[in-house]
Amino acid sequence: MKQVKSRIRVSEFGEVNTSKTEINAMVNLVEHEASRLDSRFLEPACGDGNFLMEVLNRKLTTLVKKFRCNKYEFEKNSIIVIGSIYGIEILKDNVQSARNKLYRRFCMVYQRYFREDINKELIQSVEFIIKKNIILGDFVTFKQKNSNNPITFCEWTLIEQKLKRRDFTLMDLLACTTFEGGPPISDNGEPIIVPQPIKEYSLVKFDEAYKAC
Ligand SMILES: C[S@@+](CC[C@H](N)C(=O)[O-])C[C@H]1O[C@@H](n2cnc3c(N)ncnc32)[C@H](O)[C@@H]1O
C-alpha cells in the first residue's frame with residue numbers, strides 16, 4: 001500500500017496514508033467494538049478506506065463465524081455490518097476507491113460461502129448503502145463537496161425483518177456527543193439530548209435497502 005500518492009496531494013490535502021501495521025495496532029485497541037456486527041464507525045478523513053477496510057474485515061470474520069451456515073441470517077446481518085461503516089473524504093478518487101474496496105470485499109466473502117445462490121437484491125442494497133455511507137465532503141465545514149448542502153448520514157436499523165432508514169445531519173449528531181465520556185446522561189440514565197432525524201423512510205425488506213429513497 002502506497003502511503004504517499006503525490007507531493008501535491010500531501011501539501012494540499014495532508015494525504016499520507018497510515019501503514020497497515022499501524023492500522024492493525026490501532027484497530028486492535030478497539031478490537032471488541034471492531035468485531036461487533038452493529039457497532040458504528042465513522043472515519044472523518046477516510047482516504048481510500050484503509051481503516052474502514054480493517055473494520056469491515058473484522059466484522060466479516062464475526063459474521064462468517066456466526067452465520068456461515070444460515071444464509072438468511074448472514075444476509076440480514078450483512079446489511080447491519082455494511083450499514084455500520086461510515087466515512088467522509090474530500091477527494092473524489094479516494095471516495096470512489098474506498099467504496100469499491102468495501103463493496104468488492106463484501107462480495108468476495110459473500111460469494112465464497114453462498115456462490116450457488118447469490119441474492120442480487122442484497123448485492124444491490126450493499127452497493128446502495130456503501131454509496132450513502134462513504135461521503136464526498138469536507139469535515140471542516142460539514143458540507144458536501146462542491147455544494148452548500150450539509151453532510152447527512154443514514155442510520156440503518158433492523159426492526160424485526162425490516163429495515164428502517166433515518167437521515168441525520170452530521171452537525172446535529174456532533175451536537176449531541178461529548179468526547180469526554182460518551183453521550184450526556186441524566187440522573188435517571190436517559191440521554192439528555194437525542195438528535196432528531198431530518199427525514200424518515202418507510203420500512204423496507206432488509207434486502208431492498210435501495211428502495212428506501
Ligand atoms: C493523513 S490522510 C489519512 C487517510 C486515512 N485516514 C489513513 O489513515 O490512511 C488525510 C486524508 O484526509 C483527507 N482530507 C483532507 N482534508 C479533509 C477535509 N477537510 N475533509 C475530509 N477529508 C479531508 C485527505 O484527502 C486525506 O485522504
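On a 1 Å grid over the protein atoms alone, a pocket is an open set of points where a 1.4 Å probe fits, with protein on both sides within 12 Å along at least five of seven lines; lining residues have an atom within 4 Å of a point. The model analysed here is predicted: local features need pLDDT of at least 70, side-chain atom pairs count only at pLDDT 80 or more, and totals for chains, interfaces and linings use all residues. Residues are numbered from 1 along each chain as its sequence is written, and side-chain values use heavy atoms, with hydrogens and water left out.

The second largest pocket is lined by 24 residues. Phe13, Ala45, Cys46, Gly47 and Glu89 lie nearest its centre. Its volume is about 350 Å³ (the space filled by probe spheres set on the grid points, which are joined across faces, edges and corners). Its lining comprises 12 nonpolar, eight polar and four charged residues. Here Ala, Val, Leu, Ile, Met, Phe, Trp, Tyr, Cys and Pro count as nonpolar, Asp, Glu, Lys and Arg as charged, and the others, Gly among them, as polar. H4, E2 and E3 each supply at least two lining residues. Such elements are DSSP runs numbered from the N terminus: helices (H or I) have at least four residues and strands (E) at least two.

The largest pocket has a volume of about 750 Å³. Of its 23 lining residues, Arg40, Phe41, Leu42, Glu43 and Tyr86 are the closest to the centre. The lining divides into 17 nonpolar, two polar and four charged residues. H2, strand E1 (41–43), H4, E5 and helix H8 (170–175) each contribute at least two of them.

The largest nonpolar core holds 51 residues. Such a core is a set of buried Ala, Val, Leu, Ile, Met, Phe, Trp, Tyr and Cys residues joined through side-chain atoms within 4.5 Å. Buried means under 20% relative accessible area, exposed over 50%, and partly exposed in between (1.4 Å probe, protein chains only). Phe74, Phe106, Ile134 and Trp156 have the most contacts inside this core. Elements that each supply at least two core residues include helix H4 (50–67), helix H6 (92–114) and strand E5 (152–159). H4 gives the most, with nine. Contact means heavy atoms within 4.5 Å. Beyond its neighbours within four places in sequence, Trp156 touches residues including Arg40, Ile80, Tyr86, Phe128, Leu163 and Ala209.

Helix H5 is mostly covered, with 11 of its 13 residues buried. Among them are Phe74, Ile79, Ile80, Val81 and Ile82. These buried residues of H5 pack against H4, E2, H6, H7, E5 and strand E6 (162–169). H5 reaches 18 Å from its first C-alpha to its last, close to the 18 Å expected at 1.5 Å a residue. The expected span is 1.5 Å times one less than the number of residues.

The end C-alpha atoms of H6 are 33 Å apart, in agreement with the 33 Å expected for its 23 residues. Its buried residues include Arg99, Leu102, Phe106, Tyr110 and Phe114. Their cover includes helix H1 (7–13), H4, H5, E2, H7 and E3.

Two residues that are not glycine have a positive phi. Phe142 has a phi of about 65 degrees and is found in the loop between E3 and strand E4 (143–144). Phe142 is buried, with a relative accessible area of 19%. Asn146 has a phi of about 60 degrees and is found in the loop between E4 and E5. Asn146 is exposed, at 74% relative accessible area.
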